[in-house]
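Visitor: I have a model open and some bench questions about it. Can we go through them one by one?

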Amino acid sequence: MKLKLLYLFLFSLSTSLALRAQVSLTATSATLVGSYTTLSSAFTAINNGTHKGVITITLTGNTTETATANLDSSGNPVGSSYSSISIRPQAATAVTILGALAGPLVTLNGADGVVINGLNTGGSSLIISNTDAGTSSVTIRFINDASNNKISNTSIRGAGTSGTLGVVHFSTGLLTGNDGNSFSTCNIDGTSSAASCLFSLGTTTTPDLQNSNDTLLNCNFFDFFNTTIASPVGVNLNGGNTNWHISGNSFYQTTNRTTAVQGLPTSLQIFPSYTNDVHTVIGNFSGGTGPSAIGLLTYTGSGTNILGYIGFSIQAGGGTIVQNNICQNVTVNYAASAGSFSNAGFFGFIGGYDGALTFTSNSVKNFTIFNSSGSALGSAMQFNGRVTTAATTVKPVFTITNNIIDNVIFNAGGTGSTQFYGLRLEASSAGSFTGATTISN
């Protein structure tokens, strides 16, 4: 009788533990089946070589992560071995991977071939959320040559306030950079706290180590805002990046914003590290209060600091294409006798070297800057070929064709003046630039 009761107790205990195991894992070699309570513990088992081969992770319930879910590259550490890892919520189950970590919630540390698809057969989806609002927190980090990973149909939320990190963060590489990764049909939410929805600063010592061939497709980047952050940026490619494909995305705030800090919020910002850095930016939306720049977004300065707005700031020179993008439905109201930023729906910059940028079939619509106490300065579209000294002549080439400007208003109050351009092409020093620049709109 006692033996029977012991069996019943052990069976009940194992059943209870199984019910609390929100992460179900199958593999094609080594230990074929595993159950875990967190994604972190499942990744640890893979790193230790417990599960190998083709690995499938099914999320059957919410997890609370108390440590970073860190996935290393296959073969490093010695003993780990996987060819691919698929992560998906169970059918008809909406799942949240939640943590409040002063650091990354999920790290792909050299990991390749990871596929996270948040949409299951029942139409429910996956949320990955780090609620920590510190200066070192991110939600998903790519580092040390994490490559060819795909994340789709997933909501990714973060609250980190660092100006050099993002909800999604691309870091440095070892041999190749973090290449060939993609986000598609995702919602990247700054939760009205984060400085950037996505921030990438790769290795800048050599072109071969840049983060390259990464894709952002049909995603929403929104609520990158904090009342203490001067200039939030939706997607910030800050250096060490080349050949990114950014298409069909929307950058917006879900509500009107009021701030007392001086700042210039920007939807997409790209800085080059090399003269041959190149990107494609096609069919994206900046502005409004929802996807596709619907609704009217109003930024209001509550103090006397300067406030401004830039939709797309593209500073590259290797042949970057900016095409069929729209900046619209933005109003900025502030009261600063000190003056104005150089606001723009689109800003193109080739700095200190020969290069080429193509802006074609883009639109700036319903774009208003109003300073009630001073000057208002800006352009619907501004292009700058910077030279380093007055004696230097470089050959930046801008091709500016078939763009649309409609209902763009700059107002100045008090003793201020308005200086506004539809299209502005300039050199930013006493020098000059030459080249086959084409303007046809």
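Visitor: Which residues have the most contacts inside the largest nonpolar core?
Guide: This is a predicted model. Its largest nonpolar core has 83 residues. Helix 2 gives the largest share of this core, five residues. The residues with the most contacts inside the core are I57 and F183.

Visitor: What does F183 touch, leaving out residues up to four places away in sequence?
Guide: The list includes three phenylalanine and isoleucine neighbours by name: F142, I151 and I156. V168 and F170 are also on it. The rest are T215, L216, L217 and C219.

Visitor: How many residues of helix 2 are buried?
Guide: Helix 2 covers residues 39-47. Its buried residues are L39, S40, A42, F43, A45, I46 and N47. The helix is therefore largely enclosed by the rest of the structure. Of its nine residues, the buried count is seven.

Visitor: Which residue with a positive phi follows helix 2?
Guide: The phi is near 85 degrees. The residue that follows helix 2 with this value is G49.

Visitor: How many salt bridges does the structure hold, and which residue pairs with D223?
Guide: The structure holds two salt bridges. In the one formed by D223, the closest N and O atoms are 2.9 Å apart. The partner of D223 is R257.

Visitor: Why does the pair of D223 and R257 tie together parts that are apart in sequence, and how many residues apart are they?
Guide: D223 lies in the loop between strand 21 (220-222) and strand 22 (233-239). R257 is in strand 26 (residues 257-259), so the pair links parts that are separated in the sequence. D223 is buried at 7% relative accessible area, and R257 also counts as buried at 7%. The separation is 34 residues.

Visitor: How far apart are the closest N and O atoms of E426 and R424?
Guide: E426 and R424 form a salt bridge. Both residues are buried. Their closest N and O atoms are 3.2 Å apart.

Visitor: Is N249 buried or exposed?
Guide: N249 lies in the loop between strand 24 (245-247) and strand 25 (250-252). Beyond its neighbours within four places in sequence, its contacts include L217, C219, F221 and F285. Its relative accessible area is 0%. N249 is buried.

Visitor: Which residue's backbone oxygen lies 2.9 Å from a polar atom of the N249 side chain?
Guide: N249 is in contact with L216, N218, G283 and N284, among others. The backbone oxygen in question belongs to L216.

Visitor: Why is there no bond between the sulfurs of C186 and C219, and how many disulfides does the structure hold?
Guide: The cysteine sulfur closest to that of C186 is in C219, at 4.7 Å, so it is too far for a bond. C186 is buried, at 1% relative accessible area. For C327, the closest cysteine sulfur is in C197, at 16 Å, again too far. The number of disulfides is zero.

Visitor: How many bridges join strand 27 to strand 31?
Guide: Strand 27 (residues 266-270) has five of its five residues buried. It runs parallel to strand 31 (residues 310-315), and Q269 stands opposite S313 there. The number of bridges joining strand 27 to strand 31 is four.

Visitor: Which residue in strand 27 is the bridge partner of V233?
Guide: Strand 22 and strand 27 run parallel, joined by four bridges. In strand 27, the partner of V233 is T266.

Terms used: Residues numbered from 1 in each chain as written. Predicted model: local features only at pLDDT ≥ 70, side-chain atom pairs only at ≥ 80, totals over all residues. Heavy atoms only, no water. Salt bridge = Lys/Arg side-chain N within 4 Å of Asp/Glu carboxyl O. Helix = DSSP H or I, 4+ residues; strand = E, 2+ residues; numbered from the N terminus. Buried < 20%, exposed > 50% of the residue type's maximum accessible area, 1.4 Å probe, protein only. Polar contact = N/O pair within 3.5 Å; in protein donor to acceptor, adjacent residues only side chain to side chain. Contact = heavy atoms within 4.5 Å. Disulfide = S-S within 2.5 Å. Core = buried A, V, L, I, M, F, W, Y, C linked by side-chain atoms within 4.5 Å. Pairing = 2+ DSSP bridges.
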